[in-house]
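Please open the model in your viewer and keep the sequence panel beside it. The stops below say what to select next and what is there.

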Amino acid sequence: MPTSAASHGKITPLFILQFCVVLIAIGIVASRPGAWNAARFAGFCIAVPAAVLLFTARWQLGKSFSVTAQARELVTWGIYSKIRNPIYVFSALLLVGVLIALQYRYALLLLLVLIPIQMARAHQEAQVLEARFGEEYRNYRRGTWF
């Protein structure tokens, strides 16, 4: 059964920890000494919306969030109505934004490791969800991106 907006959002210690880490990263970008050049501004403009969307998705996933692939409920509302794996998408964008803003160009190579890992995790999660929800998940998958 798909999750509705009524069964979302549980604030857990892990959620708070993740939120604090992201706030610290954005705080470092915002308060770092030096000029606000184009790279810093562009990175900040990528990182902040990505962080907002990341935590919106995390909150919408609610009790269905887990570190390992599990199929508690099929969340199909909110951001999940358009993107199957918004936490992966927006965490990668957040990292891109922070690294651009801090002008750590070579650190962007981390994406060569992060993206394949996230894609493998998404594939594993898709298998678990399809095994549990079957045709309902396949229909959902056809109507969403990544």
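A polar contact is a pair of N or O atoms within 3.5 Å; within protein, one atom must be able to donate a hydrogen and the other to accept it, and residues adjacent in sequence count only if both atoms are side-chain atoms. Helices (H or I, at least four residues) and strands (E, at least two) are DSSP runs, numbered from the N terminus. This is a predicted model, in which local features need pLDDT of at least 70 and side-chain atom pairs count only at pLDDT 80 or more, while totals for chains, interfaces and linings use all residues. Residues are numbered from 1 along each chain as its sequence is written, and side-chain values use heavy atoms, with hydrogens and water left out.

Select α2 first, beginning with Asn37, where a side-chain oxygen reaches to within 3.3 Å of the backbone nitrogen of Ala39 at the start of the helix. Following α2 along its 24 residues, you cover 34 Å from the first C-alpha to the last, close to the 34 Å expected at 1.5 Å a residue (the expected span is 1.5 Å times one less than the number of residues). Just after α2, Gly62 takes a positive phi of about 55 degrees.

Now colour α2 by accessibility, taking buried as under 20% relative accessible area, exposed as over 50% and partly exposed as in between, with a 1.4 Å probe and protein chains only. The buried residues of this helix include Arg40, Gly43, Ala47, Leu54, Phe55 and Leu61. Against which elements do the buried residues of α2 pack? They pack against α1, β2 and α3, where contact means heavy atoms within 4.5 Å.

Next, show the largest nonpolar core, which has 31 residues; such a core is a set of buried Ala, Val, Leu, Ile, Met, Phe, Trp, Tyr and Cys residues joined through side-chain atoms within 4.5 Å. The elements giving two or more residues to this core are α1 (13-31), α2 (38-61), β2 (74-75), α3 (86-101), α4 (111-133) and α5 (135-142), and α2 gives the most, with seven residues. Val22, Leu54, Tyr80, Ile87, Leu94 and Tyr137 have the most contacts inside the core. Centre on Tyr80: leaving out residues up to four places away in sequence, Tyr80 touches Ala57, Gln60, Leu61, Val75, Pro86, Ile87, Tyr140 and Thr144.

From there, move to Arg84, in the loop between β2 and α3. Arg84 is buried yet has no salt bridge, and the nearest side chain of opposite charge, Glu125, is 8.9 Å away (Lys and Arg count as positive, Asp and Glu as negative; His and the chain ends are not counted). A salt bridge is a side-chain nitrogen of Lys or Arg within 4 Å of a carboxyl oxygen of Asp or Glu. The side chain of Arg84 instead reaches the backbone oxygen of Thr144 at 2.9 Å.

Finally, select Glu130, Glu135, Arg138 and Arg142, which are linked in a network of salt bridges. Arg138 pairs with Glu130, the closest N and O atoms being 2.9 Å apart, and with Glu135 at 3.1 Å. Glu135 and Arg138 both lie in α5, three residues apart, about one turn of the helix. Glu135 also meets Arg142 in a salt bridge at 3.0 Å, N to O. Arg142 is exposed, with a relative accessible area of 58%, whereas Glu135 counts as partly exposed at 41% relative accessibility.
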